[in-house]
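Please open the model in your viewer, with a cartoon for the backbone and sticks ready for side chains. The tour moves from one selection to the next and says what is to be found at each stop.

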Amino acid sequence: MTSTFPNISISTERLVLRPLDEDDVPELAAMMNDEQVGAWTDVPQPYSEDQARAWITEYAPAERESGRGLDLAVTEFLTQRLVGIVQLAKTNWQVRSTELSYIIAPWARGEGYASEAALATAQWLFGDQKLERIELRTAADNTASQQVAQKIGCISEGVLRGACIAHVRADDGTWADIRTDYIVWSLLPEDLDGAGDQLADTGGFTTFTDWN
């Protein structure tokens, strides 16, 4: 029997992670129309509000209901502004594993939000959801994403050679694909011993199920 993630809200001192809502459409579209997002993800460029709406109303619910994953909006606690996305995908409920990724909006970078959101999500997955393994994949040249993985306690397991397609913008504004390597990271429950102290400095987190 396939399991599914619950509708959930995870709160830290600075952030609230919650299900995406149609009110997020403008900020989600603006966040995705960014050079770094275009370079390191498969998000189409340019990215329209219609595409953002389809993600929120169609793709994200289908991923959760199928048991494959979960998409969470990362918002500032004080302003409620959308500052990022945390995604869980390729979830295997028999193995108790999932793949975690994150995108931070250009207007919110440099604040440590990616590591705070990823660590809170990992603690929830290992605690409430009883998962046993989280996997991350970062492009070989995406040092910012690699720093997040290291900060939350991930262990580098190796390199998948030529397994990632990144993107570069040409002088005429078009995008071209370039092949690069993936670095594979894993996080197990015991890896959080040191990383948890970092989150404790921000006040920890609480969860609320059945978010509406």
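Does K90 count as buried or exposed? Select K90 and show the solvent-accessible surface: at 61% relative accessibility, K90 counts as exposed, where exposed means over 50% relative accessible area, buried under 20%, and partly exposed in between, with a 1.4 Å probe and protein chains only.

Before going further, note that this is a predicted model, in which local features need pLDDT of at least 70 and side-chain atom pairs count only at pLDDT 80 or more, while totals for chains, interfaces and linings use all residues. Residues are numbered from 1 along each chain as its sequence is written, and side-chain values use heavy atoms, with hydrogens and water left out.

**The whole chain**

Select the protein chain, whose secondary structure comes to six helices and nine strands; these are DSSP runs numbered from the N terminus, helices being H or I of at least four residues and strands E of at least two. Its C-alpha atoms fill a box of roughly 50 × 40 × 40 Å along the principal axes. The radius of gyration is 17 Å, which agrees with the value near 17 Å that a compact globule of 212 residues would have; this radius is taken over C-alpha atoms, and the globule rule is 2.2 Å times the number of residues to the power 0.38. Of the 212 residues, 48% count as buried.

**Strands β4 and β5**

Return to K90, which lies in strand β4 and has a phi near 55°, a positive value in a residue other than glycine. Most residues other than glycine have a negative phi, and most peptide bonds are trans. Now extend the selection to β4 (82-92) and β5 (residues 97-104): seven bridges join these strands, which run antiparallel, two strands being paired if DSSP finds at least two bridges between them. Within this pairing, Q87 stands opposite S101 in β5. The hairpin of β4 and β5 has four residues between the strands, and R96 in that loop has a positive phi near 65°. R96 counts as partly exposed, at 24% relative accessibility. Strand β5 itself is largely enclosed by the rest of the structure, because seven of its eight residues are buried.

**Across to β6 and β8**

Add β6 (residues 133-139), a mostly covered strand in which five of the seven residues are buried. Three bridges join β5 to β6, and the two run parallel; to see the register, label S97 with its bridge partner R133, and E99 with E135, which stands opposite. Colour helix α4 (residues 113-127) as well, since β5, α4 and β6 make a right-handed β-α-β unit. Right-handed here means that, with the strands pointing away from the viewer, the path from the first strand over the helix to the second runs clockwise. Strand β6 is also joined by six bridges to β8 (residues 175-187), this time antiparallel, with T138 opposite I183 in β8.

**The largest pocket**

Rolling a probe the size of a water molecule over the atoms shows where empty space is left. The largest pocket has a volume of about 1400 Å³, and of the 44 residues that line it, the closest to its centre are W40, T41, S101, Y102 and I103. A pocket is an open set of points on a 1 Å grid over the protein atoms alone, where a 1.4 Å probe fits, with protein on both sides within 12 Å along at least five of seven lines, and lining residues have an atom within 4 Å of a point. Grid points are joined across faces, edges and corners, and the volume is the space filled by probe spheres set on the points. Which strand gives the most to the lining? Strand β5 does, with six residues. By class, the lining has 24 nonpolar, 12 polar and eight charged residues; Ala, Val, Leu, Ile, Met, Phe, Trp, Tyr, Cys and Pro count as nonpolar, Asp, Glu, Lys and Arg as charged, and the others, Gly among them, as polar.

**Last stops**

Select Q45 and P46, joined by a cis peptide bond with omega about -5°; P46 is in the loop between α2 and α3. Finish in strand β7 with A163, which is partly exposed at 40% relative accessibility. The C-alpha atoms of A163 and D181 are separated by 5.4 Å, although the two residues are 18 residues apart along the chain.
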